[in-house]
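Reader: Got a minute to go through this one with me? I'd like to start in the middle of the fold and work outwards.

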Amino acid sequence: MSDLPNCPECDSEYTYEDGILLICPSCAHEWTANQAEDDQQQEPGVRDANGNALQSGDTVTVIKDLKVKGTSLVVKVGTKVKNIRIVDGDHDIDCKIDGVGAMQLKSEFVKKA
């Protein structure tokens, strides 16, 4: 059997080389060997806007005015959010903000304090 890595998209073992690219015949995904190594080295997890890893219990600061859907409230730039909780999904931070209440945030709109 070949020593080529499985496809990162569909995990098919039938990958093959074409020049510098690795190709999956099942899903037609193409990538380089360097990308596969970088993906393995990068640790999974939630990262803030600056690329810092976030964990449950951290304190973060909002970096953009955020409108609260369904209300006229706005979470202002610089608002500190304490004791966050990391959850799965598109909005990956669950928290309570003073004056607003419980809500979910995207990690791309916060930075670690």
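**Around M103**

Author: Sure. This is a predicted model. Setting aside neighbours within four places in sequence, M103 is in contact with V68, V75, I93, D94, C95 and I97.

Reader: Which residues touch the most other members of the largest nonpolar core?

Author: M103 is one of them, along with V75, V81, I93, C95 and L105. That core has 15 residues.

Reader: And which elements give two or more residues to this core?

Author: Those would be β4, β9 and β10. The largest share comes from β9, with three residues.

Reader: OK, stepping back. What's the order of elements from the N terminus on?

Author: It goes β-β-β-α-β-β-β-β-β-β-β-β, so you have one helix and eleven strands in the protein chain.

Reader: How much of the chain is buried?

Author: Buried residues are 27% of the 113 in the protein chain. As for surface, the chain exposes about 8,000 Å², and carbon and sulfur atoms supply 44% of that area.

Reader: What about contacts, how many join residues at least 24 apart?

Author: 34%, counting contacts between residues at least 6 apart in sequence.

Reader: Switching to charges. How many salt bridges does the structure hold?

Author: Three. One pairs K112 with D58, where the closest N and O atoms are 3.6 Å apart. That pair links distant parts of the chain, 54 residues apart: K112 sits in strand β11 (residues 110-112), and D58 is in the loop between α1 (33-41) and β4 (60-62).

Reader: Is D58 buried or exposed?

Author: D58 counts as buried because its relative accessibility is 15%, and the cut-off for buried is under 20%. Its partner K112 is partly exposed, at 37%.

Reader: Next one. What does D90 form a salt bridge with?

Author: With K106, and the closest N and O atoms are 3.4 Å apart. D90 lies in the loop between β8 (85-86) and β9 (93-97), while K106 lies in the loop between β10 (101-105) and β11, so the pair ties together parts that are 16 residues apart in sequence.

Reader: Is D90 buried or exposed?

Author: D90 is exposed, with a relative accessible area of 55%. K106 is partly exposed, at 23%.

Reader: And which side chain meets D94 in a salt bridge?

Author: R85, at 2.8 Å from N to O. R85 counts as partly exposed at 47% relative accessibility. You've met D94 already, since D94 is also among the contacts of M103.

Reader: Different topic. What does the UniProt annotation covering residues 4-32 say?

Author: That record, an unreviewed entry, has "domain: Protein YjdM N-terminal" there. In the model, residues 4-32 are 0% helix and 31% strand, with the end C-alpha atoms 11 Å apart.

Reader: Last thing, confidence. Where is it lowest in the protein chain, and where is it highest?

Author: The low is α1, at a mean of 60, and the high is β4, at 96. Overall the chain averages a pLDDT of 87, and 89% of the residues score at least 70.

Reader: Why go easy on the detail where pLDDT is low?

Author: Because predicted coordinates should not be read in detail where pLDDT is low. Here α1 has the lowest mean confidence, whereas β4, one of the elements giving two or more residues to the core, has the highest.

Notes
Residues are numbered from 1 along each chain as its sequence is written. This is a predicted model: local features need pLDDT of at least 70, side-chain atom pairs count only at pLDDT 80 or more; totals for chains, interfaces and linings use all residues. Side-chain values use heavy atoms; hydrogens and water are left out. Helices (H or I, at least four residues) and strands (E, at least two) are DSSP runs, numbered from the N terminus. Buried means under 20% relative accessible area, exposed over 50%, partly exposed in between (1.4 Å probe, protein chains only). Contact means heavy atoms within 4.5 Å. Accessible areas come from the Shrake-Rupley method with a 1.4 Å probe; for residues, only the protein chains shown count as cover. A salt bridge is a side-chain nitrogen of Lys or Arg within 4 Å of a carboxyl oxygen of Asp or Glu. UniProt positions are given in the numbering used here, feature names are shortened, and annotations may be inferred rather than shown by experiment. A nonpolar core is a set of buried Ala, Val, Leu, Ile, Met, Phe, Trp, Tyr and Cys residues joined through side-chain atoms within 4.5 Å. pLDDT is the predictor's confidence in each residue, from 0 to 100.
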